[in-house]
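Here's a quick tour of a protein model, with the sheet, a surface patch and a few backbone oddities on the list. Have the viewer open as you read.

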Amino acid sequence: MAAKHEKGARPPVRPGILPQLIGYRLRLAQQALFRDFASSVGELSPGQAGILLLIEANPGIAQGRLAEAVHLDRSTMVGVADALETRRLIERRRGKDRRSNGLWLTADGRALSSRLRRRIERHERRFAARLSEAERAQLLSLLGKLVQ
């Protein structure tokens, strides 16, 4: 006779082939990384933080060029830029050709970017502490191969 489960207890979910799939493992790793990012960095999502840091590194970058760099469609980039502008972290300035806007950090954006960079560095060190330095370098290299 099959063993009865305690009331409310459910058998574990069998993962099937999922653990052997790169995409599944990448997604689980991304979720763990994003949960840690949210709890330790906060203030902005990983995507918004990345865009803020890219604008800092590329002052005046055209919105369309930034969208290409982060692989977002232009309409999605408009929404992200609108959200950052509403928070007074960036400003749009008319580009040289008058058809495009350059994106610049505001004083608040520069201050937040500085704070975020420190928090992100701590988050990365803590999260990567699970790996040796050689493993971390190898992981970055392997991930780089997958996005080529």
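## Ground rules

Helices and strands here are DSSP runs, numbered from the N terminus, with at least four residues (H or I) for a helix and at least two (E) for a strand. Keep in mind that this is a predicted model.

## A greasy patch on the surface

Which residues form a nonpolar patch on the surface? They are Ile-22, Leu-26, Leu-131, Leu-139, Leu-143, Leu-146 and Val-147, and together they put about 620 Å² of accessible area on show.

Two helices, α1 (22–40) and α6 (133–146), each chip in at least two residues of the nonpolar patch. The top contributor is α6, with 3 residues. Leu-139 sits in helix α6. Its relative accessibility is 41%, so Leu-139 counts as partly exposed, given that the partly exposed class lies between the 20% and 50% cut-offs.

## The sheet

Now for the strands. There are 3 of them in an open sheet, ordered β1-β3-β2, with antiparallel pairing. β1 (61–62) and β2 (90–94) are the edge strands, each with a single partner, so one side of each has no neighbour in the sheet.

Between β2 and β3 (residues 101–105), the antiparallel pairing runs over 5 bridges. If you want to check the register, Arg-92 has Leu-103 in β3 as its bridge partner, while Arg-93 stands opposite Gly-102 in β3. Helix α2 (residues 46–57) lies across β1, β2 and β3, and runs at about 100° to β3.

## Positive phi spots

If you're scanning backbone torsions, a few residues deserve a look. Most residues other than glycine have a negative phi. Where does His-71 sit, with its phi near 60°? His-71 is in the loop between α3 (63–69) and α4 (74–86), and its phi is positive even though the residue isn't glycine. With a relative accessible area of 73%, His-71 is exposed.

Arg-88 also has a positive phi, near 60°, and is likewise a residue other than glycine. You'll find Arg-88 in the loop between α4 and β2. Is Arg-88 buried or exposed? Its relative accessible area is 61%, so Arg-88 is exposed, the cut-off being over 50%. Then there's Arg-98, in the hairpin of β2 and β3, where the phi is positive and near 65°. That hairpin has 6 residues between its strands.

Methods
Residues numbered from 1 in each chain as written. Predicted model: local features only at pLDDT ≥ 70, side-chain atom pairs only at ≥ 80, totals over all residues. Heavy atoms only, no water. Pairing = 2+ DSSP bridges. Contact = heavy atoms within 4.5 Å. Axes fitted to C-alpha atoms, helices over the stretch in contact; angles between N-to-C directions. Patch = residues over 30% accessible without salt bridge, like charges linked within 9 Å, V, L, I, M, F, W, Y side chains within 5 Å. Areas by Shrake-Rupley, 256 points an atom, 1.4 Å probe, with all protein chains shown as cover. Salt bridge = Lys/Arg side-chain N within 4 Å of Asp/Glu carboxyl O. Buried < 20%, exposed > 50% of the residue type's maximum accessible area, 1.4 Å probe, protein only.
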